[in-house]
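Open the model in your viewer and keep the sequence panel beside it. The stops below say what to select and what is there.

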Amino acid sequence: MLKILKTSEKGIEAELNKVLNRSSFDNEAQVQAVQEIWDNVKSRGDEAIFEYTARFDQVDLKDRGLEVSQEEIEEAYKQVDDEFLKAIRVSIKNVSEFHNKQLQESWMDVKEDGVILGQKIEALERVGIYVPGGSAPLVSSVVMNGAPAKVAGVKEIIMVTPPAKNGGINPYTLVTAAEVGVDKIYKVGGAQAVAGLALGTETITKVDKIVGPGNIYVTLAKKMAFGYVDIDMLAGPSEVLVLADESANTRFVAADLLSQAEHDPIASSILVTTSLDLAKKVNQEVEKQLEELSRKEIASESLNNYGAILLARDLDEAIDLTNRFAPEHLEVKVDDPFAILGKLKNAGAIFMGEYAAEPVGDYIAGPNHVLPTGGSARFYSPLNIDDFMKKSSIIYYTKAGLEKVKDDAIKIAEVEGLDAHANSIKVRFEGSSDE
């Protein structure tokens, strides 16, 4: 059973802190392990990659090589069914169309005296995508990270993913990568894959940015990579907060809480509601639906540790509590969700109404499912087109234009004690400009 807490109880603060602080990026043993991997890849390149792949994935790729061949991709197409191809193409289409609306154009603003200011927008040259391995292929990760990069105009998209025990990559993952337009795929995972992308090896091409989710070792490696390259974010375990009133559908709310709980033992599922009756019914329905899940043990552990039902005195208090959580996924199941949309300040993705189920956002709707976690939605955004772009400022001045502002610029430079800065402007007005 989920614990039901009233907002007036002291347990509310403890629950909030437990959920927000459940990610840890400072475990000393894990940090040291990642540092060792990083140093080895930096000094020994492919040789280190092969050794770690043999140790962690039990696969020897020295003879077969790290890169997926075109023949392997063609064989993968023979192993997937037509229904999957149709579904993944719909997903890619919707994700591409949504992110296409985020594109910006370079611009210039011509001011008086011929001064021109502007911004030049260019796609990144090369991006690396990390796709987790495991028993099930996370094809949606390929779509959500690869499709926006393609829309942005990234010239080369490189994907890394751990190999299976047979030395290959899941055919559904390969087909999805091909459909998205990934240029190269390497059979390597873990911190060693991130190090390879950030530093470059004899085989793995160095990239400009690394995106995509992974376990704690992948996340720590991405943290270490920042500065060598850019990264998308430090993602923690998944979470959902359902904001509901008495009008919400009990079965829907319970199902949505469980859809996050089955992810991971440290995933978080929170219901914030103004209705005690709904709270009790959802609790009963969660217990009922839990019995039918194949990942019952994982979901149960998640709910016991990081799940709760928080009972607010009114809708305004419920909204305030929601904004404090700043959840990765926020489902709004109230009578008129659009009436309160303006009050919802902090969330990665906001699902409005009874039929906007969170998994729709994971797979098919179009907005990106790579979202800020652990309260970072207070200051961070979902993965988007801007993550694959860089912007340069454009500044052009005529002599007349500079003359209008020269004294102000010189004054600021002198206050800062930067005489050469001041002189750089002064010299342009001493005698003839052609001297």
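Begin with Tyr 52: this residue is buried, at a relative accessible area of 4%. The model you are looking at is predicted.

**The first ring pair**

Add Phe 56 to the selection. Both Tyr 52 and Phe 56 belong to helix α3 (residues 46–57), and they are 4 residues apart, about one turn of the helix. Phe 56 is partly exposed, with 41% relative accessibility, whereas Tyr 52 is buried. The model has 4 aromatic pairs. Tyr 52 and Phe 56 make up a stacked one, with 5.7 Å from centre to centre and 5 degrees between the planes.

**The loop after α3**

Now select Gln 58, which is in the loop between α3 and α4 (70–79). Its phi is near 55 degrees, a positive value in a residue that is not glycine. Gln 58 is partly exposed, at a relative accessible area of 47%.

Go on to Glu 74, in helix α4. Glu 74 is partly exposed, at 45% relative accessibility. Show Leu 174 as well: 100 residues separate Glu 74 and Leu 174 along the chain, and their C-alpha atoms are 9.1 Å apart.

**Helix α5 and its two sides**

Select residues 82–100, which form helix α5. How far apart are the end C-alpha atoms of this helix? They are 27 Å apart, which agrees with the 27 Å expected for 19 residues at 1.5 Å a residue.

Next, colour the buried residues of α5: Phe 84, Leu 85, Ile 88, Ser 91, Ile 92, Val 95, Ser 96 and His 99. These residues are on the same side of α5, because they cover an arc of only 130 degrees around the axis. Then turn to the other side of α5, where Asp 82, Glu 83 and Lys 86 are exposed.

**Two parallel strands**

Select strand β5 (residues 156–161) together with strand β6 (residues 184–187); the two pair in the parallel sense over 4 bridges. Within this pairing, Val 160 stands opposite Tyr 186 in β6. To follow the chain from β5 to β6, add helix α7 (residues 171–180); the path goes through this helix, and the β-α-β crossover is right-handed.

**A buried alanine in α8**

Move to Ala 195, in helix α8 (residues 190–199). Ala 195 is buried, with a relative accessible area of 0%. Select Ile 49 too: the C-alpha atoms of Ala 195 and Ile 49 are 9.3 Å apart, while their positions lie 146 residues apart in sequence.

**Helix α12**

Select residues 296–306, helix α12, and mark its buried residues: Ala 299, Ser 302, Leu 303 and Tyr 306. Where do these four lie around the axis of α12? Their arc is only 105 degrees, so they are on the same side of the helix.

**The loop after α13**

Ala 326 is the next selection; it is in the loop between α13 (315–325) and β12 (329–333). Its phi is near 45 degrees, again a positive value in a residue other than glycine. Is Ala 326 buried or exposed? Ala 326 is buried, with a relative accessible area of 0%.

**Rings and a charge**

Return to the rings for the last stops. Phe 56, seen earlier, is partly exposed. Now select Phe 252 and Tyr 355, an edge-to-face aromatic pair with 5.6 Å from centre to centre and 65 degrees between the planes. This pair links distant parts of the chain, 103 residues apart: Phe 252 is in helix α10 (residues 250–261), and Tyr 355 is in the loop between β13 (349–352) and α14 (358–363). Phe 252 is partly exposed, at 24% relative accessible area, whereas Tyr 355 is exposed, at 72%.

Finish with Lys 406 and Phe 429. The charged end of Lys 406 sits over the ring of Phe 429, 5.4 Å from the ring centre.

**The whole chain**

Zoom out and show the full protein chain. Its secondary structure comes to 16 helices and 14 strands. The C-alpha trace spans about 85 × 65 × 45 Å along its principal axes. Of the 435 residues in the chain, 48% are buried.

Notes: Residues are numbered from 1 along each chain as its sequence is written. This is a predicted model: local features need pLDDT of at least 70, side-chain atom pairs count only at pLDDT 80 or more; totals for chains, interfaces and linings use all residues. Side-chain values use heavy atoms; hydrogens and water are left out. Two strands pair if DSSP finds at least two bridges between them. A crossover is right-handed if, with the strands pointing away from the viewer, the path from the first strand over the helix to the second runs clockwise. Rings of Phe, Tyr and Trp (its six-membered ring) pair if their centres lie within 6.5 Å; planes under 30 degrees apart count as stacked, over 60 as edge-to-face and the rest as tilted. Buried means under 20% relative accessible area, exposed over 50%, partly exposed in between (1.4 Å probe, protein chains only). A charge sits over a ring if NZ of Lys or CZ of Arg is within 6 Å of the ring centre and within 35 degrees of the ring normal. The expected span of a helix is 1.5 Å times one less than its number of residues. The arc is that of the directions from the helix axis to the C-beta atoms.
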